[in-house]
Amino acid sequence: MSLNIKNNVYWVGKIDWELERFHGYEYSTHRGSTYNSYLIREDKTALIDTIWGTYSKEFVENLANETDLNKIDYVIANHGEADHSGALPELMRNIPDTPIYCTKNGLKSLKGQYHQDWNFNVVKTGDTLSLGDKELVFVEMPMLHWPDSMLCYLTGDNLLFSNDAFGHHYASELIYCDLVDQAELYAECIKYYANILTPFSPMVVRKIKEVLSLDLPLDMICPSHGMIWRDRPEQIVEQYLKWADNYQENQITIIYDTMWNSTRKMAECIAKGIRESDKEVDIKLYHLEKKDKNDVITEVFKSKAIIVGSPTINKGILTSVAAILELIQGLKFQKKKAAAFGSYGWSGESAKIISDSLETSGFEMADEVLKVNWSPDNESVEKCVEYGKRLSEKFA
Ligand code: FEO
């Protein structure tokens, strides 16, 4: 399958309707994804990115139906990660001498993964590659989201091939953002930003400002995952600037796991206290064992504060809570508040462990931890409700 995007530019990627997990099992893809590859057929022919290796044979066969592979003059590898470079070995078996353009770190990544001495050409920001009347302009994008990432811009057609930036894991045959369900699209974009780009927000802002300062006319943003931004493409750039600016909504998220329902009861009583104190804040409760961790992280991203709870087990915390705390630590959320709670039967370390972890992750701890021994009785229930009321004020 190929699709004409504009003039001599064609989408030649793969729509992966079956994909449920990405980055191994780290990232859930409830709505599938796409691996976008683009073929530009000017006086010179350039291929921008390939796709995940699982589909390399069909990708190369499809490409060969589109063009004589020997007519591909240049391969552009905007990013070395396997979902974009995985089909390179299959492609390069057919055209072993074709030059590959990538960043200096891209060279490390591609050599490190494929151990081939292909005809690499290292480019840096501002370098150009003539395709005839039009040219590709390269811009390095380190840490958006890997050190080797770059984007390229096609003059004349005003297309920005942004690789992972501005992407989303979303499968659709419609190809363009303006044609798909907008609520679904927004949900996948914010999940992608929250789970992948949050730690790099300062660099996101710097790079976007750098690219905007070039004052390039922009007709479309063509990312390497999901749909193409055709209608007012700057909308996703503006959205990224908002998300990168310590984004939060009027939301408090309570995240917990529970063994015999005591910690769950605490969570619900804390929520009751918040609600009694603040009628407008959006309170969301997630039992970690029953929820997708990436969806929970998206809710953390949207929150002004989070409250995390676990019962004590083996003088520690439940593994689902440990896992989300590990994710939270890596994502380096800024300017959010937090609190910790937990029930216990004997030793009771859990709330303190959670609190220490959140503090290390940069959260401002708003109050002492809340612990309840055994199952909450009326007095403990009241303590939890009061805790919720107090937190509501401190989170305001
Ligand atoms: Fe960083 Fe889509 O890979």
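Two strands count as paired when DSSP finds at least two bridges between them, and this idea will help with the views of this predicted model below.

**View A. An open sheet of 5 strands.**
Following the sheet across, you meet its strands in the order E12-E13-E14-E15-E16, and their pairing is mixed. Strand E12 (128-130) and strand E16 (220-223) form the edges, each pairing on one side only. From one strand to the next, the twist averages 20 degrees.

**View B. Strands E14 and E15 side by side.**
Here we zoom in on a pair of neighbours from that sheet. Strand E14 covers residues 150-154 and strand E15 covers residues 159-163. The two run antiparallel and are joined by 3 bridges. Look for Tyr 153, which stands opposite Leu 160 in E15. As background, strands of a sheet pair through backbone hydrogen bonds, either parallel or antiparallel.

**View C. The two domains of the chain.**
Stepping back, the domain assignment splits the chain into domain 1 (3-244) and domain 2 (253-395). Their C-alpha centres lie 39 Å apart. Where the domains touch, domain 1 supplies 8 residues to the contact and domain 2 supplies 9 residues.

**View D. The side of domain 1 that touches domain 2.**
Which elements give two or more residues to this side? They are strand E5 (27-28) and helix H5 (182-197). Helix H5 gives the most, with 4 residues. Sorted by class, this side of domain 1 has 4 nonpolar, 3 polar and 1 charged residues.

Technical notes: Residues numbered from 1 in each chain as written. Predicted model: local features only at pLDDT ≥ 70, side-chain atom pairs only at ≥ 80, totals over all residues. Domains from an automatic or database assignment. Contact = placed C-beta atoms within 7 Å. Nonpolar A, V, L, I, M, F, W, Y, C, P; charged D, E, K, R; others polar. Axes fitted to C-alpha atoms, helices over the stretch in contact; angles between N-to-C directions.
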